[in-house]
Every structure is written in C-alpha cells, then in structure tokens.
Amino acid sequence: MINLKRTNSDDIDFVNLVVLLDQELAVRDGADHAFYNQYNKTDKIKHVLVYYENDIPVGCGAFREKESGTTEIKRMFCSS
C-alpha cells in the first residue's frame with residue numbers, strides 16, 4: 001500500500017531519510033561535500049512529504065519559500 005504524509009522537517013521519518021540522503025551525498029560529493037552541505041539544512045521547513053510503501057518510509061521531498069513567488073525544492077530522496 002502506498003501512502004503520502006504531509007508534515008514538516010521535525011518528522012522523524014523525514015529526519016531519518018535525510019540522514020540516508022546525506023550519507024549518499026557525502027560519497028557522491030567527495031571532498032566538496034562540506035561546501036554543498038552548508039546549503040542542505042532542514043530546520044524549519046514547513047512543507048514536507050514523506051512517501052511510504054507498506055508503512056515503510058522510502059522517499060521524501062520538501063519545498064521552502066525563498067521569497068514571494070519563488071520556491072526551492074529541498075531534500076528529494078528515494079531509498080533503494
């Protein structure tokens with residue numbers, strides 16, 4: 001069964017998926033990871049989706065308003 005949950009960045013399932021994402025990005029980014037990581041903060045994101053398959057969180061994404069009329073997509077991830 002597939003389910004989507006609307007939540008915020010405090011959601012524990014979102015937090016755990018972001019940990020997995022950050023681990024993957026550390027490998028991909030290599031020596032540049034510290035530079036890119038400064039732009040990947042998740043505190044105070046109000047609009048988060050967590051994707052579940054059979055009640056297991058397997059994907060997430062979020063968006064944050066940058067300024068009026070401009071939105072940034074954040075922390076898109078799907079575990080394998």
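A salt bridge is a side-chain nitrogen of Lys or Arg within 4 Å of a carboxyl oxygen of Asp or Glu. That definition applies to several of the views below, and the model shown in them is predicted.

**View 1. Glu 72 and Lys 74 form a salt bridge.**
The closest N and O atoms of Glu 72 and Lys 74 are 3.7 Å apart. Because the limit is 4 Å, the contact between Glu 72 and Lys 74, at 3.7 Å, counts as a salt bridge. Lys 66 also belongs here: salt bridges that share partners join Lys 66, Glu 72 and Lys 74 into one network. The two residues of the title differ in burial class: Glu 72 is partly exposed, with a relative accessible area of 26%, whereas Lys 74 counts as buried at 4%.

**View 2. The whole chain contains two helices and four strands.**
From start to end of the sequence, these elements come in the pattern β-α-α-β-β-β. The C-alpha trace spans about 40 × 35 × 15 Å along its principal axes. The chain has 80 residues, and 28% of them count as buried. Its accessible surface comes to about 5,800 Å², with carbon and sulfur atoms accounting for 53% of that area. Contacts can also be sorted by separation in sequence: among those between residues at least 6 apart, 53% join residues at least 24 apart.

**View 3. The chain carries 10 positive and 13 negative charges.**
The mean position of the positive charges and that of the negative charges are 5 Å apart. Side chains of opposite charge can pair when their charged atoms come close. In this structure there are five salt bridges. One of them links Glu 72 and Lys 74, and two others are the subjects of the next views.

**View 4. Arg 75 and Asp 22 meet in a salt bridge.**
The closest N and O atoms of this pair are 2.2 Å apart. Arg 75 lies in strand 4 (residues 70–78) and Asp 22 in helix 1, so the salt bridge ties together parts that are 53 residues apart in sequence. Arg 75 is buried, with a relative accessible area of 6%. Its partner Asp 22 is partly exposed, at 23%. A buried residue needs a relative accessible area under 20%, so the 23% of Asp 22 places this residue in the partly exposed class.

**View 5. Arg 28 and Glu 24 pair within helix 1.**
The side chains of Arg 28 and Glu 24 form a salt bridge, with 2.5 Å from N to O. The two residues are four apart in the sequence, about one turn of the helix. Arg 28 counts as exposed at 62% relative accessibility. Glu 24 is partly exposed, with a relative accessible area of 32%.

**View 6. Ile 12, Val 15 and Val 19 make a nonpolar surface patch.**
The patch has an area of about 240 Å². Val 19, one of its members, is placed in helix 1, which covers residues 12–29. The relative accessible area of Val 19 is 41%, so the residue is partly exposed.

**View 7. Val 58 is a buried residue of strand 3.**
Strand 3 covers residues 56–67. The relative accessibility of Val 58 is 14%. Leaving aside residues up to four places away in sequence, Val 58 touches Leu 17, Tyr 51, Glu 53, Phe 77, Cys 78 and Ser 79. Ser 80 is 22 residues from Val 58 in sequence, and the C-alpha atoms of the two are 7.9 Å apart.

**View 8. Asn 54 has a positive phi.**
Most residues other than glycine have a negative phi. Asn 54 is not a glycine, yet its phi is about 50°. This residue sits in the loop between strand 2 (47–53) and strand 3. At 55% relative accessibility, Asn 54 counts as exposed.

**View 9. Arg 75 also has a positive phi.**
The phi of Arg 75 is near 50°, and the residue is not a glycine. Unlike Asn 54, which lies in a loop, Arg 75 is placed in strand 4. The two residues also differ in burial class: Asn 54 is exposed, while Arg 75 is buried at 6% relative accessibility. Arg 75 is the residue already shown in the salt bridge with Asp 22.

Note on methods:
Residues numbered from 1 in each chain as written. Predicted model: local features only at pLDDT ≥ 70, side-chain atom pairs only at ≥ 80, totals over all residues. Heavy atoms only, no water. Buried < 20%, exposed > 50% of the residue type's maximum accessible area, 1.4 Å probe, protein only. Contact = heavy atoms within 4.5 Å. Areas by Shrake-Rupley, 256 points an atom, 1.4 Å probe, with all protein chains shown as cover. Lys, Arg positive; Asp, Glu negative; His and termini not counted. Charge placed at Lys NZ, Arg CZ, Asp CG, Glu CD. Patch = residues over 30% accessible without salt bridge, like charges linked within 9 Å, V, L, I, M, F, W, Y side chains within 5 Å.
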